Amino acid sequence: MTPLNDLNHLLEPEAPLTFSLTPQGGTFDEIHVKLEGAVSSANVDEFLTEIKTELAKEPLKNVRLDVSDLNLLDGSGPAALLRIKALCAAEDNNLTLLGAHPELIELLDAVDLEILDSGILHPRPDPNLLVQIGDAVQTLRKMASDIIVFIGAIILGFIGVIKQPSTARWESIPKLIERNGVDAAPLVCALGFLMGAVLAFQAAIQLRKFGANIFVADLVSLSVTLEMGPLMTAIIVSGRSGAAFASQIGAMHVKQEIDALRVMGIDPVRYLVLPRIIAVGFSTPCLTLFANCLGIIGGCLVAMISLDLTPTVFFNQVHRVLEVTDVIKGLIKSFVFGLEIAVIGCHRGFQVRGGAESVGSATTSAVVTCIFVLTITDALFAVVYHYYRF
Amino acid sequence: MTALYTDSCRPEDGCPIIQVNNLTVGYGDVPLLEDVSFEIPQGQIVAVLGRSGCGKTTLFKSLVGLLEPSQGEVILAGHKVRAREESLDAELMSNIGVLFQSGALFSSMTVAENVAFPLRQYTSLSTAAIEALIVLKLAEVGLSGYERYMPSDLSGGMQKRAALARAMALDPPILFLDEPSAGLDPVSSAELDETIRRINTHLGSTIVLITHELATIFAVAHRALMIDKSERKIIGDGPPWELAESSDERIREFFTRGSTIAKRNP
């Protein structure tokens, strides 16, 4: 009886691997084939093709393969015999392996042959359109209920903290403000400056035609404080903090750290989400204020260079048109943006199921959802500020 | 798969498949193992044992080329193992199967795709042959029918077994297994031990097991290497049943305490 496998070929890899197939005759409904030589991954496909050709020659009921002199050098040999077994089963033929190692027969018998024909390496076909629509609606419903439950948990968490302030993780808030606010400040300032400069530059080209150079100050100061400052800052914060929250909480979920908090009787929302909401809710308006200042300075610089305005004239005009309420409106919007970013980032983190890929999807999804929600909120604020002036 | 041994290292001339020469390795400036040397001939199952934190996994990482030793060398079948950040020597690694403590299955792939990964990487087998191989390897580890499952849908023990199927997909002559039976129930653990023994018998694979499961050590290992945390080196080398009766108190304690815990349960 030959061994199931043999690693000797590894010592002489150049030696050609061959096999031979000799039909031994048989009764009218039987084929008896003697297989000799060695089979490995190098010649297994050829081996399979030859056997299939031999078996296809006549309609048979009983196939007897003598493998007593067949050396199976690696796992491909048993795999080929499994394929032959599946082929025989599909055509209702009986396969008998003569001289095979009992463990090989046991292994082949342990396999469900239907699995082989199900194309395990091919993705399952997509369900029909109706099922897909149904699935999408179900997913949407689940998402909506999840976010409502999550917001409810946050509100309950805040109520709990108000009742028992000691249950909040206050000590983590300064660190979170540093990471999500202070560390983001250089980037926000640089982008705010460039944003103001670009706005002024584009406006200068048009305003110069009408001799309305001074109005560049109106345009830059109002658009930066009311729209561009809060929105650009929020986009940066969602890219930094929203993504970070989703990946941090997602990784904690994968490592069962969230479950560990739960079994210790600690509410993960109160422990992880509330400090983040407070930190980002505080940091985002501060960052917006930086972006606004730098944006106006950038606009002033461009106005000085391309419109020959002096800083005094520019800032006098800004002082005339820009009201404190405009700045406050921008900061209120920015505060809401900050809350949204923290909630969405944390929520996506809690939705992680499985492994690394799920964490990646949650991170991407957090940023995309943040930007989408920010845009809608910005539009709502525009409408609200238009109709309810203060 | 390519030739395993180099011309200068032939097993018929007595060249061991694994050689560790004066290995000193650790993290930062603190060595966990100092001046460790041993040889493993082809076909042997060797269990590396010791208490937690003694450097078993560090040795495992050095053997598979994931950790650069500060001194000494690891030689597998005549090839010196060089730890590199980007990727390890592909020719050598195609002859080595590695099972990580966590399983380390690719979470974005199904179980079948995980097992197919090394087969696609290192062989030119047809899809039909690869599928048959996957089905067989999963049947060998008792995971028939789980081909389409994602790793996250499996229990820890099942993930470990799927990872073993991936490690042995290429029928490697050398297998490194880090804590193969950790987290498994006794029945699954015994089945896994049986699989390890079968791989060794049928393939002649050399297997290095990092473990502290006494049942596994006695069930499969031909030889055991005991690492001591304070001495930072191997203090016992021999068949497990001989080490269990060693004159060294530290080695004997490892075996007797372990077996006492095993027996305590009525």
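**Exercise 1. Find the residues with the most contacts inside the largest nonpolar core, and the helix that gives this core its largest share.**

Step 1: in this predicted model, the largest nonpolar core holds 87 residues. A nonpolar core here is a set of buried Ala, Val, Leu, Ile, Met, Phe, Trp, Tyr and Cys residues joined through side-chain atoms within 4.5 Å, and buried means under 20% relative accessible area with a 1.4 Å probe, protein chains only.

Step 2: the most contacts inside the core belong to A:Leu35, A:Phe47, A:Leu82, A:Ile84 and B:Ile134.

Step 3: helix α4 (residues 127–140) of chain B supplies the largest share, nine residues; helices are DSSP runs of H or I, at least four residues, numbered from the N terminus.

Step 4: look around A:Phe47. Leaving aside neighbours within four places in sequence, A:Phe47 is in contact (heavy atoms within 4.5 Å) with A:Phe19, A:Leu35, A:Val39, A:Leu70, A:Ala80 and A:Ile84.

**Exercise 2. Work out how α5(A) is oriented relative to α10(A).**

Step 1: the axes of α5 (residues 129–163) and α10 (residues 268–306) of chain A come within 10 Å and cross at roughly 90 degrees. These axes are lines fitted to C-alpha atoms over the stretch in contact, with angles from 0 to 180 degrees between N-to-C directions.

Step 2: α5(A) is therefore roughly perpendicular to α10(A), a label for angles of 65 to 115 degrees.

Step 3: the contact includes A:Phe150 and A:Phe158 of α5(A) and A:Arg270 and A:Ile277 of α10(A).

**Reading notes.** Residues are numbered from 1 along each chain as its sequence is written, and chains are lettered from A in the order in which they are written. Local features need pLDDT of at least 70, side-chain atom pairs count only at pLDDT 80 or more, totals for chains, interfaces and linings use all residues, and side-chain values use heavy atoms, without hydrogens and water.

Notes: Helices (H or I, at least four residues) and strands (E, at least two) are DSSP runs, numbered from the N terminus. Angles under 35 degrees count as roughly parallel, over 145 as roughly antiparallel, 65 to 115 as roughly perpendicular and the rest as oblique. Buried means under 20% relative accessible area, exposed over 50%, partly exposed in between (1.4 Å probe, protein chains only).
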